[in-house]
Structure formats: structure tokens, C-alpha cells
Amino acid sequence: MRSRITCLIAILLLSFLFPFHQLSAQENENPGKSKRPTVGLVLSGGGAKGFAYIGLLRVIQEAGLKIDYIGGSSIGALIGGLYAIGYHPDTIAQLIRDQNWDNNLKDKMDRKYLAYEEKVFGEKFIVTLPIKNKKVAISPSLYTGQEANLLLNYYFSPAYEVTDFSELQTPFLCIGTDLLNGKEVVLTEGDLALAVRASMSIPGYFAPTDYEGYYLVDGGVVNNYPVMPIKEMGAEIIVGGDVQSGLSRTKEELNSLTAILDQIIAYHRVDANEEGYSNTDLYVHMKMEYGMMDFNDYDSIIAIGEQIGRQHFDEIKALADSLNAIEYRPVGKFETVPLDSIYINDIYFEGYEKVPRKYFEGIFEGIADSKISLEHLQELIRLTYGTKFFEYVFYELKGKEHGADLVVKVKPAAPGYVSAGVHYDNDYNGSLLLNGAFRNVLGKSTKLFADLVLGTNWRVRALYMMDNGAKPGVGAMIDFFSFKFNDYDKDVKVNEFTFNNYKGTVFAEQKLKNQYAFRLGFDYEYFQFKQSISIDTTLDKYDDFSSYGTVFTTIYADTRNKAYFPTKGFNSSLRIEYVMPLSKNFSQELFTNSFVVYLKSDHNFSLSKKFTFQPGVFLGSTIRGDQVPPVHHNFSLGGLNTSNYLETHLPFTGLKFIQSFGMHTAILRMKMQYQVIKKIYLTLRADGGSNELDFGEVWKPENYILGYGLTASYDSFIGPVEISVMGSNLNPKPMFFLNLGFWF
């Protein structure tokens with residue numbers, strides 16, 4: 001194609017030197033002046049490799065080449081669209097660098113936006129499948145594109161008033177594929193951000209996009225190099241950027257799901273590519289070793305694009321000079337940046353038939369007729385999505401004479417999901433978790449979660465709640481379980497017990513920003529503690545089940561960025577409870593009505609990219625010294641399981657499972673987490689404190705417990721795989737703890 005552009009430049013120079021052939025009326029009115037041909041820039045799809053276009057655009061600007069039309073497919077639509085609305089290549093590069101591409105491409109929203117109950121009952125599954133039409137189904141795509149949509153809304157916010165893409169700074173189009181008939185759809189009007197999103201909807205990876213009456217997937221399926229639509233738009237000279245690598249010829253190249261999908265799709269676009277190549281005047285092919293999903297290698301890919309672009313600099317410069325000799329047109333101003341804020345006139349909600357309108361009004365209260373930052377607007381969208389009532393929550397800004405109307409579009413999530421996880425540790429042994437989550441099934445704005453833990457220490461847990469969003473809600477919960485543990489005198493085993501508990505709870509709850517929850521409620525417990533084997537016959541008379549009632553108030557807070565291996569945020573709870581023995585039996589002889597209060601708080605501070613300091617504290621006490629709460633409301637220490645069946649059972653480095661019992665506890669813990677390489681961690685840990693039956697004994701040095709240890713972890717798809725070596729002043733000999741899988 002180099003000879004083609006050379007001929008074209010020669011023709012342009014001749015037309016400038018000998019402007020005698022006048023064809024148009026305008027030319028007849030201006031004898032001696034040639035008409036400047038228009039230039040169209042076409043950018044192919046190719047995933048992350050399309051970041052190379054940023055480098056090419058730098059070269060085009062440096063050469064002084066004015067682009068009159070621009071179009072692309074998939075990643076070409078993204079980079080081309082940003083250039084079309086006036087972003088400078090350097091600004092685009094910075095936007096790319098500022099993103100967490102792993103999160104954006106995999107719908108990984110910042111965890112702080114996830115509703116508290118979703119954190120409690122989620123984040124512990126290997127597989128999750130939707131239930132549709134009363135059957136277990138498979139999701140039509142890996143990801144809905146929730147975070148990708150918000151990113152595009154942010155990028156294209158400066159153009160929210162433009163619905164005709166020909167009116168952009170550089171007229172623009174992108175390509176989608178109609179999933180219903182397989183035909184190419186040229187997108188030239190509508191919501192620009194959504195048009196680009198449609199063009200990037202990789203089949204099977206991102207969900208298809210509803211757009212202007214079409215059901216669209218990635219434009220690259222049928223036309224990944226849209227030269228002809230740009231020529232039809234008015235371009236006479238085509239400059240083409242192409243990062244496609246062609247069909248893979250070996251099995252080794254097809255080493256990922258995206259590579260296989262791209263190979264299948266590539267067969268359908270061969271003809272369109274050939275037609276595009278034959279109509280390209282200046283062709284820049286960017287061959288590289290990076291793949292379409294290497295989004296984190298943006299700097300290297302941008303550099304490759306600029307390097308290859310500079311190999312074509314003389315051609316680009318010659319074309320620019322010859323065109324400017326006919327009629328000088330400046331490259332233009334490229335000073336666009338994302339909007340900081342916008343005035344919202346009114347708010348409209350679409351697709352919310354399973355959730356009352358007032359639910360949304362509570363979240364978006366005070367937004368209408370006010371100026372709002374885009375950051376806050378996207379926070380509200382994520383908080384709405386974090387409820388998990390919706391498959392997606394998108395928004396559109398519709399330009400008005402003053403500001404914009406906000407249209408929030410939601411799609412209800414599947415009515416139910418079934419999930420499974422596995423776990424093993426030294427204390428609870430092996431377990432299989434089966435979970436069901438049902439939203440809006442038993443009424444609008446309702447949630448039902450159910451956990452079934454199968455193993456030697458079984459558990460059944462369920463939560464039903466009416467979620468009123470920003471308003472108080474109500475709920476009910478059951479928690480049935482059984483587990484065994486050893487009883488120790490210091491480090492000597494003296495007995496073995498089994499706890500069996502059947503608990504029901506009713507409560508009222510107020511949530512704040514999905515991170516905090518205030519709960520007021522009542523527990524009824526039908527509890528039994530007994531010797532697994534009758535060793536001490538004096539305890540046999542206490543084998544019967546007894547009833548207990550508890551009035552409680554609790555404040556929960558979870559702002560951690562990750563449930564496992566967090567690097568920032570905290571996880572805290574404060575509970576005040578009044579426990580009452582209800583049965584007319586031994587329980588009223590052994591136990592009294594008791595006020596119990598405790599505070600848990602674990603924090604995470606990132607010291608560097610590798611190191612995270614993780615201090616924590618637990619303080620608990622039975623308020624009056626003459627009160628004796630039921631044994632399962634005592635505080636117990638030992639083991640490293642972070643998800644125990646009893647909230648008052650705490651992990652403690654260097655102690656055996658429930659090695660220490662007490663009614664007054666003060667614990668300080670410190671961990672230093674070091675990320676060795678991706679998914680591999682080492683954690684130094686130390687716990688210190690006291691756990692006693694008498695408050696005065698807590699502060700005596702001879703009762704202090706000090707534990708220390710080291711944990712090596714692998715962040716696997718089944719959850720943390722960990723081995724710990726530890727010891728303490730109660731257990732000076734090295735102890736080992738093994739954990740496999742998510743905690744539950």
C-alpha cells in the first residue's frame with residue numbers, strides 16, 4: 001500500500017500545481033483552487049492491542065494530518081470515539097493508565113458498594129448458576145459489562161448533549177452486529193457511550209447491548225475494519241490502523257477462551273477485511289506479541305503503536321503536507337477532559353417493575369434539580385447495583401437546555417441463584433457448602449438466602465429480609481448448627497464437647513451506603529452442650545436442651561476492599577445483648593440474666609504495594625461480676641478460622657480450637673501481610689491478651705496469652721490455600737494449621 005499512497009500524494013501535488021480541472025460549482029466560482037480531499041481514519045478491533053492507536057494518533061498529530069472522519073469497531077470504537085470528541089492522545093493515555101482493567105473487564109465493583117448481607121452470604125463460592133424459568137441455567141455471558149458501562153459513561157461525559165455523531169468535533173461512527181440477524185449495524189446516532197459499549201460487546205464475554213431497537217454484540221463479528229462505512233460517510237482518503245493478527249494457525253496460539261472466541265469470529269469477517277484493505281490508501285499494521293486481553297500492558301502497547309507509527313511518519317507527513325498545500329486545515333484543538341459535575345433536572349427510572357419506585361427515590365434523594373459530581377453519581381449507581389437486585393444498572397444523560405435529565409436503566413437479576421463451595425481446616429474438618437439466593441421472589445424488595453453446610457460439623461442458615469434501601473427494613477433469620485471441640489486445662493485435653501444450637505431471630509435494620517448496618521432484634525435459642533463421650537458424670541445432668549432469649553442491638557461495618565487478603569478498609573462490629581435463660585431447668589440454676597457487650601475491629605493499612613499492616617482488637621465483657629451468661633455466650637479463643645459458628649468464638653494464633661473460655665476478654669492482634677508475587681502471600685502474625693472468668697484477672701500479667709506464627713497463602717479459585725506454623729506461651733511446641741478454600 002506504500003506505492004498506493006505515493007501515487008495518491010503525487011496526484012494531490014499535481015492537482016495543486018495544475019488546478020485546471022474544475023468540476024464542482026464551487027470550484028467554478030473559485031477558479032484556480034482545487035478541492036481538498038477528505039481523510040477518514042479507520043481503527044480495527046483487537047482488544048487491548050488497540051491501545052497502540054494512542055501512539056499512532058500522536059504521530060498523526062505531529063505530522064499535522066487533519067482527520068475529517070473517524071470510525072472503528074470494538075477497541076477501535078473506543079479510541080476513535082475519544083479522539084472524535086476532542087481528547088488529546090496524551091489525555092487518552094492517562095485515562096487508560098488510571099483504570100483498574102481487571103476490575104473493569106470482570107465487573108469487579110469496589111467491594112464497599114456491596115450490600116452488607118451480600119457480603120455475609122456471598123464471596124465464598126466456586127460456582128454460581130442462575131435459576132430461570134424454574135430451571136438451573138447458564139449465564140449468556142461471563143460478565144454483564146456493569147463496570148465497563150460506567151467507565152464509558154465517564155469517558156464520554158463531555159459529549160452527553162450530542163446524539164448525532166456527525167456533529168462531534170470529528171464526525172464518528174462505530175459498528176455493531178445485530179445478534180438477531182447477524183447483519184452489520186452502523187451506529188451514527190443515539191447515546192455515544194452506549195454505542196461504543198455495543199461495539200465492544202464481545203460475544204460470550206460481555207452481555208449483548210439493547211441499543212435503539214437493536215440487540216447488538218461486538219461489531220468485529222462482521223466488520224472489524226469498517227472502511228466502507230467511513231467512505232460512505234464522505235471520506236475520500238482512508239488511513240487505516242489495524243492491530244488484527246489474522247487467523248491462528250497452531251493449537252498453541254488458541255490458549256484461552258478469548259483467543260478461541262476471536263478465532264471463531266475471525267472467520268466471519270475475512271471478506272469485510274479484504275474489502276477494507278483494498279480501499280485503504282495508507283495502511284498501518286501493528287503487529288505485536290501482546291494479546292487482546294493484555295490490558296495491563298498499556299504502556300508497552302502504546303509505545304509499540306508510536307514506534308510503528310513513526311515508521312510511517314514520512315508517508316503520513318507527506319500526505320498531510322500535500323493536503324495542506326491544497327487547503328490548510330489545522331489538526332484542531334484536543335483539550336477535552338471528563339466532566340467533573342453536571343446539573344440534573346429530573347430523574348427517570350426504567351425497568352424497575354420488581355422493586356418499588358420509592359426504593360430508587362430513597363437512594364437518589366435530593367439529586368433532581370441540583371448539581372452533582374460525576375463521581376457521586378457513579379457512587380449512587382454502584383450502590384444500587386450492589387444490592388444485587390439487578391443484573392445491571394446503567395445510566396444515560398439526556399441533554400437539556402440547562403443541564404441534563406438522568407435516566408437510570410435497570411434489568412432485574414435472575415430470580416434465584418444456586419452456588420457451591422468447599423472447605424477444609426483442622427478444626428471444622430471438611431465441608432461442602434450449598435447456597436441459594438432468591439431476590440424479589442417472596443415480595444418486592446425481598447431477599448432470601450439459605451446456606452447448607454454438609455460435613456461432620458453441619459450447619460443450616462437462612463436469612464429473609466425486606467430491603468427498603470435508604471429506609472429501615474425488617475427481617476428474620478434461622479441458624480442451626482452442631483460442632484465438636486476439645487476442652488483443655490492449659491495445654492492438656494481433659495474432655496470433648498458438642499454444641500447443638502437452633503436459633504431464630506427477628507430484627508429491624510437500617511443500612512447506610514451498603515457499608516454499615518444497625519440492627520435491633522430478638523434471638524430465641526434452643527441450645528444443648530454435652531460431652532461427646534461421658535467422661536465427667538456430674539455433667540450428664542446438663543445434657544438436656546434449654547431455651548434462651550436475647551434482646552440485642554448490633555452495629556456492623558465492613559469497608560474492606562477484599563474479603564480475602566485485603567489491603568485497605570476495616571471490618572468491625574459492636575454488639576450489646578441481654579441474655580435470659582427461659583427454661584425451667586438446670587439452666588436457671590447455672591446461668592443468670594446477663595448483659596454482655598463486645599467489640600471486634602480489624603483494620604488494614606497499605607504500607608506499600610507489597611506490605612499491608614493489619615492490626616485488630618477484641619474487647620468483651622459481662623457487665624456485672626455476679627452475672628453468668630449461658631456457656632455459648634462466653635468468649636472462647638483458639639484456632640485460625642475467621643468464620644466461626646459462634647460470633648463470640650475468636651481465632652487466636654498459637655491456641656488450639658476453643659482452648660480458652662472466659663467472660664471478660666481483651667485481645668490485641670497484629671499481622672503483616674506481604675504479597676510475594678501475584679496470588680502468593682506470607683503473613684507474620686502475633687496475638688496477645690487475656691480471657692478470664694473474673695474481670696480482675698484479665699489484667700494480671702501471669703494470665704496473659706501470647707501467640708505468634710507465620711502463614712503462607714495461595715489465593716486460588718477455591719479460596720485461600722494456607723498452611724500456618726504457630727506457637728504460644730501455652731503451647732510452646734510448633735503447631736500447624738491447614739486451611740483449604742473459602743471460609744464458611
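Reader: Which hand, left or right, does the crossing of α8 and α9 have?
Author: This is a predicted model, in which local features need pLDDT of at least 70 and side-chain atom pairs pLDDT 80 or more, while totals for chains, interfaces and linings use all residues. Residues are numbered from 1 along each chain as written, and side-chain values use heavy atoms, without hydrogens or water. For α8 and α9, the crossing (left-handed if the near helix is turned anticlockwise from the far one by less than a right angle, right-handed if clockwise) is right-handed.

Reader: How are α8 and α9 oriented to each other?
Author: Helix α8 covers residues 146-155 and helix α9 covers residues 192-199 (DSSP runs of H or I, at least four residues), and their axes (fitted to C-alpha atoms over the stretch in contact, with angles from 0 to 180 degrees between N-to-C directions) lie 9 Å apart at an angle of about 135°. Therefore α8 and α9 are, in the range left by roughly parallel (under 35 degrees), roughly antiparallel (over 145) and roughly perpendicular (65 to 115), oblique.

Reader: Which residues of α9 are met by α8?
Author: On the α8 side, the contact (heavy atoms within 4.5 Å) involves N149, L152 and N153. Their partners in α9 are A193, L194, V196 and R197.

Reader: Which residues of α14 make the contact with α3?
Author: Helix α3 (residues 52-63) packs against helix α14 (residues 313-326) at about 45°, with axes 9 Å apart, and the two are therefore oblique to each other. As α3 passes α14, the crossing is right-handed. From α3 the contact takes L56, V59, I60, E62 and A63, and from α14 it takes F313, I316, K317 and A320.

Reader: How far apart are the axes of α3 and α13?
Author: Helix α13 spans residues 298-311, and α3 passes it in a right-handed crossing. Here A52, I54, G55, L56, R58, V59 and E62 of α3 meet I301, I302, G305, E306, G309 and R310 of α13. The two helices pack at an angle of about 40°, and the distance between their axes is 6 Å.

Reader: How far apart are the C-alpha centres of domain 2 and domain 3?
Author: The chain is divided, by an automatic or database assignment, into domain 1 (39-107 + 143-326), domain 2 (341-412) and domain 3 (416-741). Between the C-alpha centres of domain 2 and domain 3 the distance is 38 Å.

Reader: Which three residues supply 44% of the area that domain 2 buries against domain 3?
Author: Eleven residues of domain 2 are in contact with twelve of domain 3. Together the two domains bury about 1,100 Å² (accessible area lost to a 1.4 Å probe, summed over both parts), with 56% of it on carbon and sulfur atoms. On the domain 2 side, 44% of the buried area, more than any other three residues supply, comes from Y359, L383 and F389.
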